[in-house]
Structure formats: C-alpha cells, structure tokens
Amino acid sequence: MKNVLLTLLCAFGIFTASAQNFDYLTFRTNAGMEYSLPVDGLKIVINGDKLQVSSTAQDLTFAIDELGCFFFATEPTAIQSATADDVQVSIVNGKLQTNAPAGTPIRVFTLDGREVPTTGLGAGIYVIKMNNRTFKTLAR
C-alpha cells in the first residue's frame, strides 16, 4: 500500500512540476497578424461581435469573426499589422494582396526557402520580400 501511495504522490508531483508560467497572451488574426499582451492586469470583455482586451501595456479590439486563435506564450511576438502609412500584405483566396505601389518588385517564398508565384498560394506561412523589407503572412 505504501508503494502505491508513494507512486501516486510522485506521479502527481511530476505533473504539477511540469506546469509552465506564461507571461503573455497572444492573439492571432485570420490574416496571420499576431499581437501579444502581458497577462498582468489583463482584462477581456466580449461586447456583441467584438473582443476587447486591455492590459497595462495596450488596449486592443478584435472582431470575433476575424480572430483565428489566442494562446498563452512565454515570449511576446512581434508580428503586427503595418501602420496605415506603411506597406501591408495579406493572402486572400490564394492571391497575394498588398498596397505597395504598382511596379514594386515582390518575391514570395515558402518557409523552406522556395520562391513561388504570387497567385495560387495554398494554406501555409509565406515570407514576402519587397522594398528591402520582409513580411511573414499566413494563408488559410
């Protein structure tokens, strides 16, 4: 009986010791953009079709149908939407869309480094290079 109890206590101790401490809650949109907020002081409110998130660092609002997922992380991500006066990229229905000026050279790569055309893109993560800048985006 002691052996069974000792085994259960050891197993319970192993499972509780493997719990991780997460410092950030990361939100990923359907377009592949990610936003991380520290969990300290985090407040989440659902208001109609909007998810409102506030923390000591920032306030964010997402349309629920545009939110792909959210998860806890130990490190913040830096994949955020470009500012309004900056270049933006996304993949919609297998086609690269951007607000870059016409004639801008654009190269699209898979994560394993293969260059692919800007249309007919299947689901996955792509790296887009243009104007000496690199973007990462998700195609669903």
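Helices here are DSSP runs of H or I with at least four residues, strands are E runs of at least two, and both are numbered from the N terminus. With that in hand, the order of elements in this predicted model can be read off. The protein chain runs α-β-β-β-β-β-β-β-β-β-β-β-β from the N terminus on. That is one helix and 12 strands. The helix comes at the start of this order, and the strands follow.

Now take one sheet. Strands β2, β1 and β6 form an open sheet, in that order. The pairing is antiparallel. Its edges are β2, residues 34-38, and β6, residues 67-73. Each of these edge strands pairs on one side only. From one strand to the next, the twist averages 20°.

Look closer at the pairing of β1 with β6. Strand β1 covers residues 24-29. Six bridges join β1 to β6, and the two run antiparallel. One residue pair can be picked out by name: Arg 28 has Cys 69, in β6, as its bridge partner.

Step back to the whole chain. The protein chain has 140 residues, and 28% of them count as buried; the cut-off for buried is under 20% relative accessible area. The exposed surface comes to about 9,500 Å². Carbon and sulfur atoms supply 55% of that area.

Contacts give another view of the chain. Consider those between residues at least 6 apart in sequence. Of these contacts, 42% join residues at least 24 apart. A contact here means heavy atoms within 4.5 Å.

Key. Residues numbered from 1 in each chain as written. Predicted model: local features only at pLDDT ≥ 70, side-chain atom pairs only at ≥ 80, totals over all residues. Heavy atoms only, no water. Buried < 20%, exposed > 50% of the residue type's maximum accessible area, 1.4 Å probe, protein only. Areas by Shrake-Rupley, 256 points an atom, 1.4 Å probe, with all protein chains shown as cover. Pairing = 2+ DSSP bridges. Axes fitted to C-alpha atoms, helices over the stretch in contact; angles between N-to-C directions.
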